[in-house]
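Grab a pencil and your favourite viewer. Here are some short exercises with worked solutions, going from side chains to the way the chains sit together.

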Number of protein chains: 2
Amino acid sequence: MPFPPEATLAEVGEFALIGELTPLFGQGDQVLVGPGDDAAVLRIRQGHVVVSTDLVVEGRHFRKDWAGAADVGHRAAAQNLSDINAMGGRAHSLTIGLAAPGDLPARWALDFAAGFAAECDLVGASVVGGDLTGSDQVVIAVTVIGACAQSPVLRSGARPGDVLAIAGRQGWSAGGLAVLSRGFRSPRVLVEAYRRPEPPYAAGPQAAEAGATSMIDVSDGLLADAGHLAHDSGVAIDVWTSALEVPEPLHAVAAATGADPLSFVLGGGEDHSLLATFPGDATLPDGWASIGAVAEGEGVTVDGEAYDGETGWTHF
Amino acid sequence: MPFPPEATLAEVGEFALIGELTPLFGQGDQVLVGPGDDAAVLRIRQGHVVVSTDLVVEGRHFRKDWAGAADVGHRAAAQNLSDINAMGGRAHSLTIGLAAPGDLPARWALDFAAGFAAECDLVGASVVGGDLTGSDQVVIAVTVIGACAQSPVLRSGARPGDVLAIAGRQGWSAGGLAVLSRGFRSPRVLVEAYRRPEPPYAAGPQAAEAGATSMIDVSDGLLADAGHLAHDSGVAIDVWTSALEVPEPLHAVAAATGADPLSFVLGGGEDHSLLATFPGDATLPDGWASIGAVAEGEGVTVDGEAYDGETGWTHF
């Protein structure tokens, strides 16, 4: 590193920092021209191209005292890669925009980028371009491009008679957030789940191949996102609590905070689990578990009843 | 509009505002699934796919008292569309991330989106997805995807013996910014050029077809961006001031501010003109004018001499 470890972005300067950041991002076969020109150039093979974008804002989506820079990088990449997963696709290229105050340590940006790149490596995707600018607050903008081998799985294809199924951990991140927001650091496994979600990256393409009729990644909360499937498909969805796994560490957190442990599972987002519907006679792929049923009607119920607990959050 | 004109983002809420914004964006033939799912789905025809991303930050790239919301939308779209233009490509799809304080009038977001959509319409591109979240400061993140009919024109292909040429207005936006930053509103034509740049969208693909060896869009300043071409191509570039057009309104601004009118042309960015090099014997397409020459060596000179005026700016 050609600058001292405590140097700020303002001291290092835009071009020097970009010079340090760029080599952190390896380029896959699909990248003909990577960062450094007016635009990156990609080789897109046949198939459907899928694109998604997300913002991550300091103080709203992360706090520097709750998550290290590398954690924030992992999370920012994961939430975008998960959107491609939820289409049944595989991500291949991402862009990052980083707006940050001039007094941010350059080290933070480098650690963030390293975490981001490591998460992308899990699926073989490349960071092909970016932008770096000053701002009052750290704002990270990520766009991801992927491809689907078969037709993308939309939110709108659920049909009465389908089963509702989930893949991946659910409620862990919300439990970790509850712990951190009360000033604690344990159970450590939940805090780590908040800091570095582990989306089930293989599950999306497998669900698509197995004939999933609709799919979404759980980012607003299990019930809120089931609600998006129900709304977009014009169906009713019932979630069975007896089928939901409540991980042991959540019981401890619930006992300490006076919350219902199930509320973390039903209301929590940001584990980036996948929720999908399959025809009633389909064989679910490994890693998927039935947790409910699709019927005619509208809205989401829990064990046949309306649920009045916490189910997500708004951004303003 | 289902809310009062003075309503804020916080009052309207994320989902209601997205409901109002989405219909502003028409969807072209290349869009199979537009906004509203986990990801948009695009039909990509054969050819090279080009991708670029840019951030626009309030107080740094725009001020609400210097440009209306629709102007900011036009500018944010233009600077991204221009990056595709500079590859010799045509933009087809964009994503927008908008981070904004809860007390921002919802009207601002709608006007911004309308301006953005109108600029995209100029090239037939569609806004296929986005994200909306809270922040302390307005930060706009745009990613654009396009396609090149032939090989993309990179920054690295200039060769000794090539001519340097420009397409589009140059220095107008910088003149407008100088006027606004001194509290004035005229010459109006310069202020309007700052608020709504007019990139020469046809010029990029035309240059590619005519055999341009390198190309860049002028966003840092003419000499700074000529410097990027020189550096990336490993050549020297000389710019001829006698070939540069200094528009009449810039003389008035220069006289009022004590600046050299040429400094706006040489140092100004954000008109999103294109700078390209062509083989010495090439016929330049309409709209392109020779303004210099490429030789062995390195760096940029003006009329054969080093230039010590203002030539760009840093972001921190």
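**Exercise 1.** Find what the charged end of A:R75 sits over, then look at A:R169.

*Solution.* Start with the rule: a charge sits over a ring if NZ of Lys or CZ of Arg is within 6 Å of the ring centre and within 35 degrees of the ring normal. The charged end of A:R75 is over the ring of A:Y194, 4.4 Å from its centre. Next, A:R169 lies over the face of A:W172, at 4.7 Å from the ring centre.

A word on the ground rules: this is a predicted model, where local features need pLDDT of at least 70 and side-chain atom pairs count only at pLDDT 80 or more, while totals for chains, interfaces and linings use all residues. Residues are numbered from 1 along each chain as its sequence is written, chains are lettered from A and ligands numbered from 1 in the order in which they are written, and side-chain values use heavy atoms, with hydrogens and water left out.

**Exercise 2.** Classify the ring pair B:F112 and B:F116, and say whether B:F112 is buried or exposed.

*Solution.* Rings of Phe, Tyr and Trp (its six-membered ring) pair if their centres lie within 6.5 Å; planes under 30 degrees apart are stacked, over 60 edge-to-face, and the rest tilted. Searching the whole structure gives 8 aromatic pairs over all chains. For B:F112 and B:F116, the centres are 5.9 Å apart and the planes at 50 degrees, so call this pair tilted. Now burial (under 20% relative accessible area is buried, over 50% exposed, in between partly exposed; 1.4 Å probe, protein chains only). B:F112 comes out buried at 2%, and B:F116 is buried too, at 0%.

**Exercise 3.** Work out how chain B can be laid on chain A.

*Solution.* Superpose by least squares on the C-alpha atoms of residues with pLDDT of at least 70 in both copies. A turn of 180 degrees with a shift of 0.0 Å along the axis does it, at an RMSD of 0.0 Å. The two copies are therefore related as by a two-fold rotation axis. In chain B, the C-alpha nearest that axis belongs to B:A141, 3.1 Å away.

**Exercise 4.** How many salt bridges cross the interface of chain B and chain A?

*Solution.* Look for a side-chain nitrogen of Lys or Arg within 4 Å of a carboxyl oxygen of Asp or Glu. The rule finds 4 across this interface. One salt bridge to check by eye joins A:R155 and B:D38 (3.3 Å, N to O).
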